[in-house]
Amino acid sequence: MMRNIGFAIVIGFLGITCQKKLPAINPDIISKKVPHDTDDPAIWVHPTDPSKSIVFGTDKDTNGAIYAFDLKGKIIQDKVIHDIKYPNNIDVEYGFKPNDSTITDIIVFTERERHQIRIFSVPDMKPLDNGGFPVFEDEIDPELRRPMGIGLYKNPETNSIYVIVSRKSGPRNGYVYQYQLSADSTGVKAKLIRKFGKFSGQKEIEAIAVDDEMGFVYYADEGVGIRKYHADPRKGSEELAMFGGEYFKEDIEGIAIAAQPGGKGVLIVSDQQKGQFNIFSRADNRFIKAINLDTNETDGCEVIAVPLNATFTTGLFVAMNNEQDFYLYDAEKLGL
């Protein structure tokens with residue numbers, strides 16, 4: 001998910017016909033390994049001391065968890081959420097009001113085997129969902145109720161927060177559901193607002209990223225391309241673009257959005273089987289370049305453009321690595 005903080009991007013050129021991998025950019029930090037299967041990261045920036053920011057990451061398994069890492073890649077044990085039945089993807093949002101007197105930041109993640117999403121406050125890691133909110137409830141087939149991808153959208157005009165969820169399998173139309181979060185005296189609620197989004201019928205839809213400032217949601221139809229829609233449901237559910245598929249070797253995976261002022265910036269998208277990341281213009285979605293971050297089979301990724309500490313002086317890019325860990329890079333190493 002994109003945060004509206006500007007920065008410049010300069011990344012070396014790669015022609016689309018070139019088959020040889022680019023020289024690798026090594027990570028600054030490799031996180032501690034988790035027990036099962038890493039998938040998707042999210043970054044929470046501490047409001048007063050950025051050096052205390054947290055990287056969250058999912059560990060997919062029936063006995064899975066949400067792991068919390070400090071900026072040295074060490075696990076913060078008292079912030080780990082255990083007993084999650086196959087957590088898949090995760091996102092962060094700021095400034096949610098669970099009641100009239102409290103404002104908190106939140107993480108929201110999918111729990112595939114329980115057919116639901118979970119919501120926890122950050123950094124105190126308290127559940128706000130009374131055990132979880134079911135998703136895709138109108139589907140009879142349980143295989144169509146298994147949530148995977150997630151992206152949070154905060155409308156800059158209304159401050160309403162929405163959860164956009166994809167699943168392991170689904171129909172050709174209405175593959176993605178959008179829920180609005182709200183709260184009253186009885187607690188937090190998640191209300192279904194719309195069903196939208198095309199699906200090619202190939203593979204699946206997992207990676208979701210939302211550009212709050214520009215008002216767009218992107219998701220990866222893994223076998224064919226990146227699809228683009230309005231994030232605000234009031235603007236309709238017509239597909240705005242489908243792009244980029246020809247630049248990927250096979251699966252199109254994690255999406256991170258890096259913003260510059262005035263609508264400039266880039267989308268960074270994992271080219272999973274090639275082990276690289278393709279870069280697209282945020283303004284018009286044209287292909288720009290590719291980079292090799294030396295990761296293996298990357299699913300999820302995330303970027304934040306806030307100076308955090310002496311290691312991450314310009315921002316932080318996090319990518320899942322298929323060896324039960326996450327790779328952390330100073331944004332400057334990527335040209336961010």
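Strands here are DSSP runs of E with at least two residues, numbered from the N terminus. With that in hand, let's work through some exercises on this predicted model.

**Exercise 1. Find where Lys-203 lies, and decide whether Lys-203 is buried or exposed.**

Step 1: Look between strand S13 (187–198) and S14; the loop there holds Lys-203.
Step 2: Check the backbone. Phi of Lys-203 is near 55°, a positive value in a residue other than glycine.
Step 3: Apply the cut-offs, under 20% for buried and over 50% for exposed. Lys-203 has 42% relative accessibility, so Lys-203 counts as partly exposed.

**Exercise 2. Pick out further backbone features, beginning with Asp-83.**

Step 1: Asp-83 sits in strand S5 (residues 81–84). Phi of Asp-83 is near 60°, a positive value in a residue other than glycine.
Step 2: Now turn to Val-122 and Pro-123, which are joined by a cis peptide bond with omega of about 10°.
Step 3: Place Pro-123 on the chain: the loop between strand S8 (116–122) and strand S9 (133–134) contains Pro-123.

**Exercise 3. Describe the salt bridge of Asp-138 and Lys-195, then compare some other pairs.**

Step 1: The N to O distance for Asp-138 and Lys-195 is 2.4 Å, and a salt bridge needs the two atoms within 4 Å.
Step 2: This pair links distant parts of the chain, 57 residues apart: Asp-138 is in the loop between S9 and strand S10 (147–154), and Lys-195 is in strand S13.
Step 3: Asp-138 has a relative accessible area of 42%, so it is partly exposed. Lys-195, at 44%, is partly exposed as well.
Step 4: Consider Arg-227 and Asp-221, whose side chains meet at 3.0 Å, N to O. Both Arg-227 and Asp-221 are buried.
Step 5: Salt bridges with shared partners also join Asp-37, Asp-39 and Lys-60 into one network. The model has 22 salt bridges in total.

**Exercise 4. Work out what lines the largest cavity.**

Step 1: Start with the count, which is three cavities of 30 Å³ or more. The largest holds about 90 Å³ of space.
Step 2: List the lining. Of its 14 residues, Asp-40, Ile-90, Ile-208, Ile-255 and Cys-301 lie nearest the centre of the largest cavity.
Step 3: Trace the strands. Those that each supply at least two lining residues include S2 (38–44), S14 (205–211) and S22 (301–304). Strand S6 gives the largest share, three residues.
Step 4: Sort by chemistry: eight lining residues are nonpolar, three polar and three charged.

How values were computed. Residues numbered from 1 in each chain as written. Predicted model: local features only at pLDDT ≥ 70, side-chain atom pairs only at ≥ 80, totals over all residues. Heavy atoms only, no water. 1 Å grid on protein atoms, 1.4 Å probe; cavity = no way out; pocket = protein on both sides within 12 Å on 5 of 7 lines; lining within 4 Å. Points joined across faces, edges and corners; volume = space filled by probe spheres on them. Helix = DSSP H or I, 4+ residues; strand = E, 2+ residues; numbered from the N terminus. Nonpolar A, V, L, I, M, F, W, Y, C, P; charged D, E, K, R; others polar. Buried < 20%, exposed > 50% of the residue type's maximum accessible area, 1.4 Å probe, protein only.
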